[in-house]
Amino acid sequence: MARKDPKIGNWPASGSYYGGGRAAFEFDEEPARPRRRSMARAAMFIGLIWAGLAGAAVLYAFIADFPDSANLLAYDPGKDVTLVDVQGRTIARRGNDQGQIVALDALPTYVGNAFIAVEDRRFRYHFGIDLWGLARATVANISAGGFVQGGSTLSQQLAKNLFLKPERTLKRKLDEAILALYIEHRYTKDEILTLYLNRVYFGGGVYGIEAAAERFFNKPAKELTLTEAAILAGSVKAPSRYNPDASVEAAMARAGLVLSAMSDQGYIGETQREKAATAKPKVALRSATPGAGYFVDYAVSLVPSFAGKAKERLIVDTTLDLDLQKTAERALDAGLAKDGKALAASQGALVSMTLDGAVRALVGGRNYDESQFNRAVDAKRQPGSAFKPFVYLAALENGHRPSDEVFDGPITIGDWQPENYEGSYEGTITLAHALARSSNSASVQLTNEVGAETVARIAHRLGVAGELQAVPSLALGTSELSPLDLTTGYAAFANGGDGVIPYAIVRIRTGSGKVIYERKGSGLGRVIEPRNEADMVAMMAGTVTEGTGRAASLGARPVAGKTGTSQSYRDAWFVGFTANHITGVWIGNDSGAPMKKATGGGLPARIFKAYMLKAEEKLPVTPLIGAGLAPPEEPPPAVLLQVDAPVVGLPPEAPAVPMPEQRPAFIAPANAAPAPAPALPAPVREDLVSGGQEQLVSGGRQVVQGEVPAQAPAERTDKELIDAFENLLDRLF
């Protein structure tokens, strides 16, 4: 029944809809509103229940991924690691994650108060998130028109340092806030401050208050003065700028602000502030370099696989040479500082190793304090033409010689039409000239002839870790590799033909002197035959003397290598070697943004030269090792023909007799579509140290437990027997 309109102005004295004599409009019949309100309340109640359940589910989704925080205050001596370089100089100390926990009550009171005063003045009163601090920071940032003040509490900073990656995303901020609440619930304020002081980063690769006191002031943390405490507290805001190593003046200026904050908040008196502000602390001299943190991170990550579950403090003898490390950091930083802006290149990496794979210098980025991401080990980028030496080695192993000719011109493979740099072609050229001039056309033709799978297998055989896509574009270095991967692959070219496994650790011993690991020497054995080794070294030396790598020339010192530039100038490389070192240089942008026509023959080659001139200035000038391997006399070169290209190089009136399969007379038609091939995983080989198996992986090796099944010797095919017979005839006649 429809509700009638109320009688306007008829105000009942009692018994109204609202009851209790309260004035209301009178209706002819009782309305259904009370029932509807009850239903609305019930629906609201059910909605709140569902909202609570949804909120709990979201919270659980965040918390489910959080690591265990039950034993953060426990000290594990086996994780307390000191690393030293090849000359016995201390590089860094890490452990637990950073060292033995120093309790707050063992430190002078002003140490903790200095951090509270400058980083989180309401630390003692908030519940993990400082809402007032957030509001204050928001107003300050809006007023300044940019970011000038943060609102993170010490608890939030601790959560970030302990568990989260340094990325700027909404989820990370939510994780940080929830973890801060969780930490506040689980630990007391003093315990939180203790954890913070023992885990915070102070710059120069130093973590924790104890390590910072030892590193910067050569004393334990319990002996820090008020001035020194203020310096350390002030450095947390921007470690690369305010740590005493970077600038004593900047560190003292920042410490003055800390002391003023401590005075304003009543932690110290004005007389104490004035005295501390004028004191001159004695900063300890350092042997390690700021960027050594990249190598330290890499080496520390390898320790558990060698030391197992250690119960004592560990001392790790590494392969790093701090002098070369400093030289590498300066070369990379100077190069980017001079030309990086013009080329739109913001980052770089450098790896340098001895001919047996000992890493002597490793720079994973421009500034470790600002970014700990290790681009030398963990960044996967396209090597471009720097991958071509593996293509040319595959061609040599399939019967070609450096003097063989190829037609450098436009080609088509299926729907793919690769081009040379800036569309320039030279016509008929030798393979040696093609590599020196980095001809894309020649590299693609050779890969199409021998097969992309063959090229990938050869690269793996030489020590290149990671997956390689066995597709035609592999000829141009489209499979992504790290600088460490690629530099390792060049070692066999440099040392006479032996594959290597890069290594950073020579020995691990306990604090009491017990040796628990010592490298006995392992590698991949002979991976390049002497004749092909000599040819490859000669061709790669031509890249520097007459090709795209001329900027890497070291004058009278012989050097060989290869330039590389990826598509759209996203990556630029130079990897080269002398008789002493193999060094790889990469420049680019973390975002993958294109640079402004930056090529491997430009800035990377100049960085290589700057580093190698200094690294080898006291070493005698000696020939490249591979160049000293005298290859047997070569048969007449094969003739490479390009479809629709003129026939060149055949002797007069000599018929084009088909060659044996190992020495093809023709490159496969350029427009032939190759069969699809899967990505080839890194090879597994016998571990010469442990007797298990080891798999080549990015940045080192992975030991796989278990026995290596015995393999019966492979039967020789008819083709191999024919080739062996032909080689015998060549030697006899």
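Select Lys597, whose place is in the loop between β17 (581-588) and α20. Helices (H or I, at least four residues) and strands (E, at least two) are DSSP runs, numbered from the N terminus. Lys597 has a positive phi of about 55° although it is not a glycine. With a relative accessible area of 56%, Lys597 is exposed; the term exposed stands for over 50% relative accessible area, buried for under 20%, and partly exposed for values in between (1.4 Å probe, protein chains only).

The model on the screen is predicted: local features need pLDDT of at least 70, side-chain atom pairs count only at pLDDT 80 or more, and totals for chains, interfaces and linings use all residues. Residues are numbered from 1 along each chain as its sequence is written, and side-chain values use heavy atoms, with hydrogens and water left out.

**A second positive phi**

Next, select Asn218, in the loop between α7 (209-217) and α8 (226-235). Asn218 is a residue other than glycine, and its phi is near 55°, a positive value. Is Asn218 buried or exposed? Its relative accessible area is 65%, so Asn218 is exposed.

**The whole chain**

Now display the entire protein, in which there are 21 helices and 21 strands. Of its 733 residues, 49% are buried. Consider the contacts (heavy atoms within 4.5 Å) between residues at least 6 apart in sequence: 71% of them join residues at least 24 apart.

**Helix α20**

Select residues 603-615, which form α20. At 1.5 Å a residue, the 13 residues of α20 should span 18 Å, and the end C-alpha atoms are 18 Å apart, which agrees. The expected span of a helix is 1.5 Å times one less than its number of residues. The buried residues in α20 are Leu603, Pro604, Ala605, Ile607, Phe608, Tyr611, Met612 and Ala615. Which elements cover them? The cover includes α13 (322-343), β6 (347-354), β7 (359-363), β16 (571-577) and β17.

**Gly626 and the crossing of two helices**

Proceed to Gly626, in the loop between α20 and β18 (679-680). Gly626 is buried, with a relative accessible area of 1%. Leaving aside residues up to four places away in sequence, Gly626 touches Glu533, Ala534 and Val537. Gly626 and Met536 are 90 residues apart in sequence, yet 8.2 Å apart in space, C-alpha to C-alpha.

Now select helix α14 (residues 388-397) together with helix α19 (residues 530-545); their axes come within 10 Å and cross at roughly 140°. Axes are lines fitted to C-alpha atoms, for helices over the stretch in contact, and angles run from 0 to 180 degrees between N-to-C directions. The crossing angle makes α14 oblique to α19. Angles under 35 degrees count as roughly parallel, over 145 as roughly antiparallel, 65 to 115 as roughly perpendicular and the rest as oblique. From α14, the contact is made by Pro389, Tyr392, Leu393, Leu396 and Glu397; from α19, by Asn532, Asp535, Met536, Met539 and Met540.

**An open sheet**

Select the five strands that form an open sheet in the order β2-β1-β5-β12-β13, with mixed pairing. Two strands pair if DSSP finds at least two bridges between them. At the edges lie β2 (90-94) and β13 (515-518), each of which pairs on one side only. From one strand to the next, the twist averages 15°. Within the sheet, strand β1 (residues 81-84) and strand β5 (residues 314-318) run parallel and are joined by four bridges. Leu83 has Val316 in β5 as its bridge partner. Add helix α12 (residues 292-307), which packs on the sheet, touching β1, β2, β5, β12 (505-510) and β13; the direction of α12 makes about 60° with that of β2.

**Strands β8 and β9**

Select strand β8 (residues 405-408). Where do its side chains point? They alternate: Val406 and Asp408 point to one face and are buried, while Glu405 and Phe407 point to the other and are not. Strand β9 (residues 427-430) runs antiparallel to β8, and four bridges join the two. Opposite Glu405 stands Thr430 in β9.

**Helix α18**

Finally, select helix α18 (residues 483-495). Its 13 residues should span 18 Å at 1.5 Å a residue; the end C-alpha atoms are 19 Å apart, which agrees. Since 13 of the 13 residues of α18 are buried, the helix is largely enclosed by the rest of the structure. Just after α18 comes Gly496, with a positive phi of about 105°.
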